[in-house]
Amino acid sequence: MVEVEEKDEHSYPLLTDVASSSTDSHASLKRTGTVWTAIAHIITGVIGSGVLSLAWSVAQLGWIAGPLCMVVFGLITIVSSNLLCDCYRYPHPEVGHIRNRSYAEAVSSYLGKKSMWVAGIFLQESYYGYGIAYTITSAISMRAILKSNCYHKEGHDAPCEYGDNLFILLFGAVQVVFSQIPDFHNMEWLSIFAAIMSFGYTFIGLALGFAKVVGDGQIRGDFGGVPTTTVAQKVWLSSQAIGDIAFAFTYNIILLDIEDTLKAPPPENKTMKKASTIAILITSFFFLCCGCFGYAAFGNEAPGNLLTGFGFYEPYWLVDIANACIVLHLVGGYQIYSQPLFAVAERYIAKKHPNSRFVNDEYIVKLPLLPHFKLNHLRLCFRTVYVASTTGLAIVFPYFNQVLGVLGALNFWPLAIYFPVEMYLAQNKIRAWTAQWIVLQAFRVFCLLCTILAFIGSLEGLISSKLS
């Protein structure tokens, strides 16, 4: 049975302007999120494909620089996310009357429209890049399940080779369906499930690394990391490793979307700071364990992807379970980073075409044995094209470590550092050359240097992989 549900401007809050839509015209939306649902969203966003590259990253940097780099990025993420938590409301972080439901809206409120457009470019590119990265990773994991079973039956030297394209297309088909989830507020169940899956494969990767170290009776690896024939090669690989670590930690681009799901009181910024700090501490612990035990187990031969590079062959069924958990997690992870992009694009289109039935009408569809759901023509067409485009680019650039490094380096400084610091300065009216201003500028410059180094090395690795 299909029914048409027409909306006027009052029942369809997305018709308002991107910046002004944060006002109480959106207050009718029921917010029921808690610190625990926020933690689930954050863990789903943070513990993603990046964790699988950390053993390789530690191998490039060595026993001193590798763990230290992860600790530093964890602390940077906590600081920058706490700055951003206060930007949900404007002009006051707790009693401000304007809600900034997304990163771009916060930039618009505090820094103006021009800054919003600059931030918007980085944001949409970042959301889109995560979709490509997660599509690549899921395909690699699906392929790894077949390879694991093949190696178990035929031996570890058997020619068990499978292509990626079929699995990329399969993941894209699944995302076409899940992309019809209307918005972030309808995703709590998916985030909780995805967070459980992320813990599942992280625990398995950690346990396999620990078991291998104990079984071999030695800790592999060097203080200086993987030796190279030239200094330039070492610089490229080390900078790419830094980019991979930055990718693993960054989640600020969805922080305000998550904060918009929280109920109040207590004030949303206090709940979000608590959730963010807890989630980053948890994920940092797992990142350190996975990266360090993976390096200890394989030394300088650490694979680029801990669970698909086949450092582990047995027990094959456990490797299969881990890779299945990765795929299931990335189904939710893809949506975590795609929903904000969908919301911005569809709000803009709805504002431009307020009387279009194609844009605004929703059809209530009831299928046998399933609950009813709302289908919108714009949502169906736009999101299907979006998924198809990320799927196509994943087929063209199926390079796991290099893609993660480029995305991490490209987006880390502008989105996780520059704009949060600028908004904090504007919100608190901090004058130039005061002690607090100098500390924040030093923090920003340090992160900028790390980002430039990581971007150059990761881009070099991506180009070299494509040409080879």
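Trp-433 sits in the loop between H13 and H14, and in this predicted model its backbone does something a little unusual. Phi of Trp-433 is near 70°, a positive value in a residue that is not glycine. Most residues other than glycine have a negative phi. With a relative accessible area of 67%, over the 50% cut-off, Trp-433 counts as exposed. Lys-429 belongs to that loop too, which runs between helix H13 (400-428) and helix H14 (435-467). Here again phi is positive, at about 50°, although Lys-429 is not a glycine. Lys-429 is likewise exposed, its relative accessible area being 70%.

Another backbone oddity turns up at Pro-91. The peptide bond leading from Tyr-90 into Pro-91 is cis, with omega near 5°, whereas most peptide bonds are trans. Pro-91 has its place in the loop between strand S2 (89-90) and strand S3 (98-99).

As for the overall picture, the protein has 14 helices and five strands. Of its 468 residues, 56% are buried. Contacts often reach across the sequence: taking those between residues at least 6 apart, 82% join residues at least 24 apart.

Cys-290 gives a local example of such a long reach. This residue lies in helix H9 (residues 268-298) and, at 4% relative accessibility, is buried. Its C-alpha atom is separated by 7.9 Å from that of Leu-52, although the two residues are 238 apart along the chain. Leaving aside residues up to four places away in sequence, Cys-290 touches Val-51, Ala-55, Thr-202, Leu-206 and Leu-306.

Helix packing can be followed through H5, which meets both H4 and H12. Two packed helices are described by the angle between their axes and the distance between the axes. Helix H4 (residues 113-154) packs with helix H5 (residues 165-178) at an angle of about 120°, the axes lying 8 Å apart. The pair is therefore oblique, and H4 passes H5 in a right-handed crossing. On the H4 side the contact is made by Tyr-134, Thr-135, Ser-138, Ala-139, Met-142, Arg-143 and Leu-146, while H5 brings Phe-167, Ile-168, Leu-170 and Phe-171. Sorted by class, the residues of this contact come out as eight nonpolar, two polar and one charged.

The packing of H5 with H12 has its own geometry. Here the angle is about 165° and the axes are 9 Å apart, so H5 runs roughly antiparallel to H12. This crossing, too, is right-handed. From H5, Asn-165, Ile-168, Leu-169, Gly-172, Gln-175 and Val-176 meet Thr-384, Val-387, Thr-391, Ala-394 and Ile-395 of H12. The contact has six nonpolar and five polar residues, with no charged ones. Ile-168 takes part in the contact with H4 as well as in the one with H12.

H12 itself (residues 377-396) is a helix of 20 residues, reaching 29 Å from its first C-alpha to its last, close to the 28 Å expected at 1.5 Å a residue. Its buried residues are Leu-378, Arg-379, Arg-383, Tyr-386, Val-387, Thr-390, Thr-391 and Ala-394. Among them, Val-387, Thr-391 and Ala-394 also take part in the contact with H5.

Technical notes
Residues numbered from 1 in each chain as written. Predicted model: local features only at pLDDT ≥ 70, side-chain atom pairs only at ≥ 80, totals over all residues. Heavy atoms only, no water. Axes fitted to C-alpha atoms, helices over the stretch in contact; angles between N-to-C directions. Helix = DSSP H or I, 4+ residues; strand = E, 2+ residues; numbered from the N terminus. Parallel < 35°, antiparallel > 145°, perpendicular 65-115°, else oblique. Left-handed = near helix turned anticlockwise from the far one by under 90°. Contact = heavy atoms within 4.5 Å. Nonpolar A, V, L, I, M, F, W, Y, C, P; charged D, E, K, R; others polar. Expected span 1.5 Å × (residues − 1). Buried < 20%, exposed > 50% of the residue type's maximum accessible area, 1.4 Å probe, protein only.
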